[in-house]
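Here's a quick tour of one protein model and its ligand. Have the viewer open and follow along as we go from strands to binding site.

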Amino acid sequence: MSKNVSEVKSTKKFLMINGQKIETAKYASLKSPYSGEEIAEIAMADKELTAKAIDAAYNAREVMAKMPAYERAEILEKVVILLKEKAVEAAEIITAESAKPIMFSKAEVARTIETYKFAAEEAKRIQGETIPFDGATGGVGRIGYTVREPIGVIGAITPFNFPMNLVAHKVGPAIAAGNTIVLKPASQTPLSSLFIAEIFEEAGLPAGVLNVVTGPGGIVGEAIVEDDRVSMVTFTGSPSVGIGIRSKAGLKKTTLELGSNSALIIDKEIDIDQIIDRCIMGAFSNQGQVCISLQRVYAHEDVFEEFVTKFTEATKQLRIGDPFDPETYISALITKGEAERVLGWIDETKGSNANIAAGGNLKDGILEPTIITNADHDLKVSCQEAFAPVVIVNKVSSVEEAVNQVNDSRFGLQAGIYTDSVKNALYASQELHVGGVIINDVPTFRVDQMPYGGVKESGTGREGIKYAVEEMTEMKLTVWNQS
Ligand code: NDP
């Protein structure tokens, strides 16, 4: 039994509605994805309880809309302070519920703190603009300006893979902008959300502003998406669920942060030794369960062999095991079913031209970090989102060919290119059809104030606090007639 799982264990976890802990008729056992040990019993909400949470958020709208910016900023600043004090506990919660190796959980908590800090800062600079009305013949004698008003109740639906920071990317800007929230965390990772809700309460957030409803996506999530009192749904998760949400959301605003099979181009003359560590992090951190995980590498033929050799050597050194071990780099996928799915995808490559250069098997129930070379485009490991520690490496003869390969995807979140050529960097930045192009780094690069989101099946809308605040506010115009 893992010692630290026991330390974060507590029996029952309740819904958080209108500042109250609410019991439910049903509870589900939450188990560690690594050890299978029970961590907690989680309240399972139904449609009625979800509606109660929406009631609370709806009724708290006025309180939030009238709260001055400095007060919203102060609450978020207090959250930053409290989370710094409780950073170790926070990281242990993430590791217990998601099997994220503790080194990465600590990094997630550090980023979450920054995300709330950005939100606190952003609360004070939500601005409109003045309009030069006399630019139109009919506008002479008028002055006017825009303001950005809170949108109201925001339904936030979050995935398991960054249970604290991806919640912060929704809750932080929502509060900065003066909105209220009904948060539905992934069923495997509710503890991080409940923990954050308690921190917000301690920081002085009024009751009803942040409500956490745990339960099945098909019940709680759908009830949020279909309720007319919810003005916006912000969703991070799989493309299939995201597309379903979009089709049911009607006129609600929707931000969808979906999946990807992110790619990296390595140009000729790149110093391979300098990039191996970043490629390891990009492909294998959090077991590859990262929406911008490095899944496809297109290496120039001049550096292909050297890259494969050195990348494979480094991959074989990675420590696999207990996520609470500070040395562990790779631990269990979120469910056994996910490991089976990915093994099936790896198996599919065996009847093709592809070669498995590293990994490919389960070790003590954990999928080894896997490198596959010469993978055809139609293999699932190439064209679908692996969301696992699996990366393909293919040879190309030019940056143009590589860009075409990267773009030949249903997804378009971020792409990276290592190149010493300004011409090639500029070409890639102009031609890659993605939400973000990262020059001289892996596509996995993200800091929390940058605009972040995708094109094609990777979604719609942008996160990154300033950009999320734009999505979470509505523009209102006031025009004064001076005559
Ligand atoms: P899912 O889409 O399975 O779940 C995401 C959330 O949606 C969960 O809270 C889930 O609840 C809920 N949900 C499930 N069904 C419905 C429904 N019918 N209506 C409303 N909500 C529903 O994704 P995962 O948690 O498995 O996360 C992995 C995915 O997230 C990957 O595709 C990954 O790429 C993507 N992702 C994208 C990011 C980005 O910023 N672009 C960042 C991180 C991840 P429940 O858990 O109860 O099923």
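Before we talk sheets, one bit of bookkeeping: two strands count as paired when DSSP finds at least two bridges between them. Also keep in mind that this is a predicted model.

With that in hand, take the open sheet of three strands, where the order is β6-β7-β25 and the pairing is antiparallel. Why does one side of β6 and of β25 lack a neighbour in the sheet? Both β6 (130-131) and β25 (473-481) stand at the edges and have a single partner strand each, so one side of each is left without a neighbour there. The link between β6 and β7 (residues 142-150) is antiparallel and consists of two bridges. If you want a spot to click on, Thr130 has Tyr145 in β7 as its bridge partner.

In general, strands of a sheet pair through backbone hydrogen bonds, in either a parallel or an antiparallel way. Strand β5 (residues 38-44) takes part in an antiparallel pairing with β4 (residues 26-31), held by six bridges, and in a parallel one with β1 (residues 12-13), which has two bridges. On the β4 side, Tyr27 is opposite Ala43, while Leu30 has Ala40 as its bridge partner. On the β1 side, Lys13 is matched with Ile42 of β5. β4 and β5 make up a hairpin, and six residues lie between them. Look at Gly36 in that turn: its phi is positive, at about 80°.

Now for the ligand, which sits in the largest pocket. Which elements give two or more residues to the shell around the ligand? They are α9 (217-226), β11 (230-236) and α10 (239-248). The largest share, four residues, comes from α9.

There are 31 residues around the ligand, and the ones that come nearest are Ser187, Ser238, Leu258, Cys291 and Glu385. By type, the shell divides into 16 nonpolar, 11 polar and four charged residues.

Oxygen atoms of the ligand also have polar partners on the protein. Some of these pairs are listed here.

| Residue | Protein atom | Distance to a ligand oxygen |
|---|---|---|
| Thr158 | polar backbone atom | 2.8 Å |
| Lys184 | side-chain N or O atom | 3.0 Å |
| Ala186 | backbone N or O atom | 3.4 Å |

So the table has a side-chain partner in Lys184, along with backbone partners in Thr158 and Ala186. How much of the ligand's accessible area does the protein cover? On its own the ligand has 910 Å² of accessible area, and the protein covers 85% of that.

Note on methods:
Residues numbered from 1 in each chain as written. Predicted model: local features only at pLDDT ≥ 70, side-chain atom pairs only at ≥ 80, totals over all residues. Heavy atoms only, no water. Near = heavy atom within 4 Å. Polar contact = N/O pair within 3.5 Å; in protein donor to acceptor, adjacent residues only side chain to side chain. Areas by Shrake-Rupley, 256 points an atom, 1.4 Å probe, with all protein chains shown as cover. 1 Å grid on protein atoms, 1.4 Å probe; cavity = no way out; pocket = protein on both sides within 12 Å on 5 of 7 lines; lining within 4 Å. Sits in = over half its atoms within 2 Å of the grid points. Nonpolar A, V, L, I, M, F, W, Y, C, P; charged D, E, K, R; others polar.
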